[in-house]
Amino acid sequence: MYHNRPLFLVLKFLFNLLLLLASHADPGQPCSKKSSLIGFQSEFTMVQHQLRGLLTIVDDCTFQVSQFDMLSGSDVHWWGSIAPDFTNLTHGFVISDHKLNQTYKNASFNMHLMKNISWDQIQVLSVWDLPTASDFGHILLPNGSDASSPPSPSSEDNLVSGQVHRVPTMFDNCKVLSKNYRIRWSLNESANSIEIGLEAAIGTQNYMAFGWANPNSTSDLMRGADVAVTGFTEEGLPFADDFFITKYSECLVDKDGSAIGVCPDTIYEPNDPVGLVNNTVLIYGHRRDGVSFVKYRRPLKSVDNKYDLHVNHMENMTVIWALGSMRPPDTLRPYYLPQNHGGPRLVTYGHLVLNASEHFDDCLGPLDAEDEEDQDLIIADANLPLVVTTGAELHYPNPPNPSKVLYINKKEAPVLRVERGVPVKFSVQAGHDVALYITSDLLGGNATLRNKTEIIYAGGPESEGVPASPFELVWAPDRNTPDQVYYQSVYHQKMGWRVQVVDGGLSDMYNNSVVLDDQQVTFFWTLSKDSISIAARGDKKSGYLAIGFGSGMVNSYAYVGWVDNIGLGHVNTYWIDGKDPSNVHPTSENLTYVRCKSENGVITLEFTRPLKPSCSHDDRPECKNIVDPTTPLKVIWAMGARWNNEHLSERNMHSVTSQRPVRVMLMRGSAEAEQDLRPVLAVHGFMMFLAWGILLPGGILAARYLKHVKGNGWYQIHVYLQYSGLAIVLLALLFAVAELRGFYVTSLHVKFGIAAILLGCLQPLNAFIRPEKPADGQDVSVSPKRLLWEYFHAIVGRCAVVVGVAALFTGMKHLGDRYGAEDVHGLNLALIVWFLIGALITMYLEYRERQRRKDKTSGRSKWVLGNLEEDDSIDLLSPSRAFAGKESENSGRMEVQLEPLNR
């Protein structure tokens with residue numbers, strides 16, 4: 001709509017005139033027109049820097065560039081090569097004196113070849129950045145017979161007739177929807193279709209949506225709208241799906257299979273074998289310089305009258321658009337589903353009236369994203385080696401490049417971040433023809449071969465290895481290491497990428513670190529006397545990162561870190577007792593030194609919390625969130641697209657999570673995958689119950705209540721039960737120590753257990769030093785050592801059983817609190833009932849024993865001469881024992897004195 005912008009036309013004309021005058025060609029030297037390429041037209045293939053444009057060859061030394069867009073580079077030239085492969089492109093040559101060291105916005109100008117350059121020397125005309133050896137964009141000229149080249153005009157007759165070689169990034173129209181969002185389109189009435197390109201400076205996990213509103217709607221434009229949702233998968237592949245909006249909400253599927261919300265057409269009609277419902281056809285897509293671009297085709301008049309709207313390209317129609325985060329597919333919903341766009345109107349969503357047949361060219365210049373880095377970020381850890389391999393080039397950040405590039409930890413040419421003073425270990429397994437080294441040269445491949453100088457910080461020709469025999473390279477960046485260096489191959493250029501060198505970091509700040517399940521989150525911690533400092537860092541881009549303490553999401557304490565729309569980081573705490581958003585309950589834990597940041601989409605959270613919460617209300621969930629350093633801490637994690645600290649909903653649920661918890665040994669600084677320890681702990685608990693609940697108390701009861709039985713059967717029973725119980729106790733202890741792989745005497749259960757075992761082990765030693773039994777007819781009271789031993793033996797044995805029973809109860813509580821065992825409450829009740837029954841039995845036996853003694857004592861007065869042998873049934877702990885002994889002795893003497901003589 002140029003008639004509305006006369007000032008713009010004047011400025012554009014003056015700008016192009018200046019560019020034309022700036023050309024270094026000699027206008028006094030006319031060029032001939034002998035080349036067969038004269039009249040050839042082609043659009044530039046975009047490679048990077050958002051380059052677009054149309055090239056026309058004017059004569060043997062002149063070419064015209066129009067509609068030219070490009071983000072600026074450092075030292076950019078017109079470049080020529082004899083073939084489009086990596087080797088020939090990097091060994092190409094400058095073809096024009098004119099430099100392109102600025103940002104171009106829909107520019108048009110003429111360029112001249114250098115005097116010694118002709119068209120027959122050039123098969124690839126490229127826009128080339130010399131310092132980075134980067135191809136910003138290029139055109140293939142039909143000067144060779146390379147059949148593998150991309151499509152080009154088929155004959156010279158067609159070339160001169162004005163046929164233009166088209167590329168997917170160029171369209172007839174372009175309109176600005178918001179500062180960071182544009183729509184491009186080309187109308188094809190004869191084919192009943194329109195090709196649309198959506199272009200936005202957004203993150204990799206965001207969607208772009210555009211479509212036509214219901215023409216019968218005046219206020220609620222979304223309801224009944226027919227839109228296309230586009231974006232990129234987690235693997236970096238583009239997609240474009242046909243959606244129909246029935247409600248202003250995320251797509252939800254009821255139990256009967258009916259769908260409501262912003263849903264793909266194929267969810268409404270799953271049986272669509274011929275593709276009539278989903279008639280949005282993906283043509284092309286790429287991510288360049290932090291900008292997403294997806295091109296698709298849709299019919300103007302669709303055969304699907306239920307979920308598609310007819311587009312009358314000759315009329316004004318209302319269209320809607322939106323940007324936002326998306327939910328990755330899962331087993332229930334195998335689609336990338338858009339979430340609430342949020343944000344202000346005309347920034348993340350909006351609508352306008354559009355006539356598709358009118359010409360629009362509102363897009364002045366390329367989109368310039370704030371974050372242009374799309375490569376994965378790997379943060380080196382001193383305790384974990386970086387595995388260096390090679391693999392196929394898929395998304396190398398600095399084309400052109402060889403077909404094989406370096407991978408670190410299975411990520412293609414990631415940005416590597418290291419910390420000064422922290423050694424970095426590389427396990428080089430890239431093959432004998434790829435030697436790793438850290439260099440100041442961006443291209444690598446031994447800069448001296450290009451007559452360049454470089455500084456090598458680590459590695460060299462010897463740093464090569466294979467998986468069977470890897471080479472370990474250790475590099476310790478120091479204070480003199482520049483902020484940016486490169487990891488490359490000694491023998492090949494452009495296989496690696498950038499290394500960011502920063503001051504300090506998590507590895508320096510925390511004493512321990514482990515990688516959690518699936519190796520996507522790293523967990524850091526430092527223990528102090530009464531608190532623990534914790535950090536967690538994801539290894540992939542996400543909207544939020546959450547870690548939790550527990551065996552699973554349900555019944556776990558969660559710490560969620562995210563960065564809001566204004567760049568402010570948050571860490572919130574929650575108690576989760578279910579799988580719905582309503583089961584996520586905010587808590588008020590005492591967190592200090594809280595930090596959360598997002599770097600290239602990777603979330604890092606940090607906080608310090610007390611080991612034991614100081615709660616004034618014990619009924620709050622967070623009051624039970626105790627971290628015991630001696631007990632393995634079960635840690636889980638989750639990541640998602642978006643978090644909200646106000647009203648949680650389905651869109652806040654995670655998109656990727658750990659498959660199982662990792663048991664972190666806080667004091668040992670290690671971790672292991674969660675295993676089901678309940679069977680082992682059940683064996684340990686049963687053995688301890690058998691010992692402290694049956695055998696050892698049974699041995700005490702035998703010594704107490706079976707002495708009246710003739711013979712020494714009570715003694716054998718006592719000894720066998722005590723030794724059997726003690727052996728089972730020691731065996732159960734070995735089971736627990738072996739399975740838990742640690743022995744820390746801090747928890748109440750362990751303290752009771754150790755005390756009971758020590759008391760139990762004293763009994764065999766006590767029995768070994770037992771004093772001799774008094775001679776027949778001599779009271780035990782006349783042997784103080786024997787009397788003292790009997791008291792000590794009885795007291796220690798009974799104390800051992802009491803402490804052992806306490807260990808049983810604390811063990812049940814420990815099992816429930818730390819390992820999430822079910823039915824612990826029922827087991828506790830059963831244990832209480834068992835010991836109550838035992839107490840009742842003991843009380844009954846004690847009553848019977850006292851009755852027996854009473855009967856025996858009264859029976860002695862009827863005997864003429866009593867048996868003065870030692871009565872083993874006398875209770876050594878009875879306070880009346882000494883008095884009874886004396887009474888018995890006196891009674892015996894009285895019987896002798898009162899015996900009548902029958903003469």
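**Exercise 1. Decide whether Arg-327 counts as buried or exposed, and then work out what its side chain meets.**

Solution. In this predicted model, the relative accessibility of Arg-327 is 6%. A residue is called buried when the value is under 20%, so Arg-327 counts as buried. The next step is to look for a partner, and the side chain of Arg-327 meets that of Glu-250 in a salt bridge, with 2.8 Å from N to O. Glu-250 sits in the loop between β16 (238-245) and β17 (252-253), while Arg-327 belongs to strand β22 (residues 317-327), and therefore the pair ties together parts that are 77 residues apart in sequence. The last step is to check the partner: with a relative accessible area of 10%, Glu-250 is buried.

**Exercise 2. Find which parts of the chain are tied together by the salt bridge between Arg-498 and Glu-373.**

Solution. Begin with the bridge itself, in which the side chains of Arg-498 and Glu-373 meet at 2.4 Å, N to O. Then place each residue: Arg-498 lies in strand β35 (residues 498-502) and Glu-373 in the loop between β24 and β25, so the pair ties together parts that are 125 residues apart in sequence. Finally, consider the surroundings of the two residues, where Arg-498 is buried and Glu-373 is buried as well.

**Exercise 3. Describe the salt bridge of Arg-420 with Asp-483, and state for Asp-483 whether it counts as buried or exposed.**

Solution. The closest N and O atoms of Arg-420 and Asp-483 are 2.7 Å apart. Arg-420 is in the loop between β29 (415-419) and β30 (424-428), and Asp-483 is in the loop between β33 (471-475) and β34 (484-489), so this pair ties together parts that are 63 residues apart in sequence. Now take the accessibilities in turn: Arg-420 has a relative accessible area of 15% and is buried, whereas Asp-483, at 54% relative accessibility, counts as exposed.

**Exercise 4. Identify the residues of the negative surface patch, and examine Glu-370 within it.**

Solution. The patch is formed by Asp-368, Glu-370, Asp-371 and Glu-372. Of these, Glu-370 can be placed in the loop between β24 (349-354) and β25 (377-379). Its relative accessible area is 83%, and since exposed means over 50%, Glu-370 is exposed.

**Exercise 5. Find which helix gives the most to the nonpolar surface patch.**

Solution. First list the residues: Val-683, Leu-731, Leu-734 and Phe-735 make a nonpolar patch of about 340 Å². Helix α7 (residues 713-740) gives the most to this patch, with three residues. Phe-735 is found in helix α7, and at 35% relative accessibility Phe-735 counts as partly exposed.

**Exercise 6. Locate Thr-810 and name its contacts beyond the neighbours within four places in sequence.**

Solution. Thr-810 lies in helix α9 (residues 784-819), where its relative accessible area of 16% makes it buried. Once the neighbours within four places in sequence are set aside, Thr-810 is in contact with Leu-748, His-749 and Phe-752.

**Exercise 7. State what share of the residues counts as buried, and set this beside the other totals for the chain.**

Solution. The chain has 903 residues, of which 48% count as buried, and it contains eleven helices and 48 strands. Among contacts between residues at least 6 apart in sequence, 62% join residues at least 24 apart. The accessible surface comes to about 44,800 Å², with 56% belonging to carbon and sulfur atoms. A search of the whole structure finds 27 salt bridges, and a network of salt bridges links Glu-43, Arg-166 and Asp-172.

Conventions. Residues numbered from 1 in each chain as written. Predicted model: local features only at pLDDT ≥ 70, side-chain atom pairs only at ≥ 80, totals over all residues. Heavy atoms only, no water. Patch = residues over 30% accessible without salt bridge, like charges linked within 9 Å, V, L, I, M, F, W, Y side chains within 5 Å. Areas by Shrake-Rupley, 256 points an atom, 1.4 Å probe, with all protein chains shown as cover. Salt bridge = Lys/Arg side-chain N within 4 Å of Asp/Glu carboxyl O. Lys, Arg positive; Asp, Glu negative; His and termini not counted. Charge placed at Lys NZ, Arg CZ, Asp CG, Glu CD. Helix = DSSP H or I, 4+ residues; strand = E, 2+ residues; numbered from the N terminus. Buried < 20%, exposed > 50% of the residue type's maximum accessible area, 1.4 Å probe, protein only. Contact = heavy atoms within 4.5 Å.
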